[in-house]
Amino acid sequence: MTHVLLIRLAGPLQSWGTASRFAARRDSHSRPSKSAVIGMCAAALGLPRSMGLESAELEQPTGADAPDRKLTAFGELARTVFAVRADHPGVPVRDYHTVGAGSYPLRPRDLITDHRRAAAVSASLDAATGDHFGHHALPDWYGAPKKIAADPASGVLVSGELTRSALITERWYLADAAFLVGLQHESADFLETVRQALERPRRLLWLGRKSCPPSGTLGLRVVPGALDTAFRAHRLLPVAHDDTEPTGRPWAWFQVPPSERGATPVQDQPVSFDALRPEHTTRWETRRRITIDADAAQWKDIIL
């Protein structure tokens, strides 16, 4: 028998990037990705980024008689079947954003890591009084050292870029969105552990980007059954800015086997969250409307 953990993802802003990492244009997907949700659960549990899908075992036997390798907590999260229901799809918002340029007060470490800065601001430093470092700045010099490398003459670490032009970026968000996410797994105890961790996370959580913290309750409940049944058996999520009961047939996306008719590939199945080499692979999903049951359960005791 399977069980489903229901997760509420809501907040003033959300941004679910899938392809535009560190680009001038950073898009937002129309809905949460599986890798983002699994990453959030892993952070709530306090799992290290270096954790793999399987536990490390020395001299693992191979062949037909070899025992199955034991999955780690991250491996159990990754193997859950994922689905998301767009109760409130939200409104796309474009943010005009600039990075770099300008001048900033120097920090002591800026002088230590770049002797040219120390020489250029020495007169100002000598004339300074008091027990505080002050607000020493260099016109037309970028404040924080960038592209640190060894100086050819002295071997001292210096900044390879003293000035920078402003980089204009375009960042997209979803405003006032609310999604109901389902994670299906055989163990109700495992899902309950994840639910409790989402309510008492060991690390900070956010909705796609660090500037998008979640609001209110995240881990809702663990229910028996499959994803489709769980989605139909629960009413649409309420939102703080609307007192009326939401109605309609929301869209939902379900993870399915690749052989299922109409399945489309999505490159967000997490394999590794290693900071240096994150890795994802392909999963498959279908989209369909959800008809909420007439006797669907109400949401109670949710903090909005």
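**Close-up 1. A patch of positive charge on the surface brings together Arg-49, Arg-202, Arg-203 and Lys-210.** The model is predicted. One member of the patch, Arg-202, sits in the loop that runs between helix H6 (188–199) and strand S8 (219–224). Arg-202 has 66% relative accessibility, so this residue counts as exposed. The cut-off for exposed is over 50%.

**Close-up 2. A salt bridge joins the side chains of Glu-186 and Arg-79, at 3.0 Å from N to O.** Glu-186 belongs to the loop between strand S7 (167–185) and H6, and Arg-79 to the loop between helix H2 (73–78) and strand S3 (81–88), so the contact ties together parts 107 residues apart in sequence. Both partners fall between the buried and exposed classes. Glu-186 is partly exposed, because its relative accessibility is 44%. Arg-79 is also partly exposed, at 38% relative accessibility.

**Close-up 3. Arg-94 and Glu-170 meet through their side chains in a salt bridge of 3.1 Å, N to O.** Arg-94 is in strand S4 (residues 91–99) and Glu-170 is in strand S7, so this pair ties together parts that are 76 residues apart in sequence. Arg-94 is partly exposed, because its relative accessible area is 45%.

**Close-up 4. Arg-31, Asp-268, Arg-283 and Glu-285 are linked in a network of salt bridges.** Within this network, Arg-283 bridges to Glu-285, and their closest N and O atoms are 3.2 Å apart. Are these two side chains buried or exposed? Arg-283 has a relative accessible area of 4%, so this residue is buried. Glu-285 is buried too, with 5%. The cut-off for buried is under 20%. The model as a whole has eleven salt bridges.

**Close-up 5. Asp-176 has a positive phi, near 55°, although this residue is not glycine.** Most residues other than glycine have a negative phi. Asp-176 is placed in strand S7. At 45% relative accessibility, Asp-176 is classed as partly exposed. Strand S7 also holds Glu-170, the salt-bridge partner shown in Close-up 3.

**Close-up 6. Asp-301 is another residue other than glycine with a positive phi, here near 60°.** Where does Asp-301 lie? The residue is found in the segment after strand S11 (279–289). Asp-301 counts as exposed, because its relative accessibility is 78%.

**Close-up 7. Two aromatic pairs are counted in the model.** Phe-74 and Phe-273 make up one of them, a tilted pair with 5.3 Å from centre to centre and 50° between the planes. Phe-74 is in helix H2 and Phe-273 is in the loop between strand S10 (264–272) and S11, so the rings tie together parts that are 199 residues apart in sequence. Phe-74 is buried, with a relative accessible area of 3%. Phe-273 is buried as well, with a relative accessible area of 15%. Phe-231 and Phe-254 also form a tilted pair, with centres 5.6 Å apart and planes at 50°. This contact links distant parts of the chain: Phe-231 is in helix H7 (residues 227–232), Phe-254 is in strand S9 (residues 251–256), and they are 23 residues apart. Phe-231 and Phe-254 are both buried.

**Close-up 8. Leu-13, Val-91 and Val-93 make up a nonpolar patch on the surface.** Together these residues have about 210 Å² of accessible area. Val-93 is part of strand S4. Strand S4 also carries Arg-94, the salt-bridge residue of Close-up 3. Val-93 has 31% relative accessibility, so this residue counts as partly exposed. Patch membership calls for over 30% relative accessible area and no salt bridge.

How values were computed
Residues numbered from 1 in each chain as written. Predicted model: local features only at pLDDT ≥ 70, side-chain atom pairs only at ≥ 80, totals over all residues. Heavy atoms only, no water. Patch = residues over 30% accessible without salt bridge, like charges linked within 9 Å, V, L, I, M, F, W, Y side chains within 5 Å. Areas by Shrake-Rupley, 256 points an atom, 1.4 Å probe, with all protein chains shown as cover. Salt bridge = Lys/Arg side-chain N within 4 Å of Asp/Glu carboxyl O. Lys, Arg positive; Asp, Glu negative; His and termini not counted. Charge placed at Lys NZ, Arg CZ, Asp CG, Glu CD. Helix = DSSP H or I, 4+ residues; strand = E, 2+ residues; numbered from the N terminus. Buried < 20%, exposed > 50% of the residue type's maximum accessible area, 1.4 Å probe, protein only. Phe/Tyr/Trp six-rings, centres within 6.5 Å; stacked < 30°, edge-to-face > 60°.
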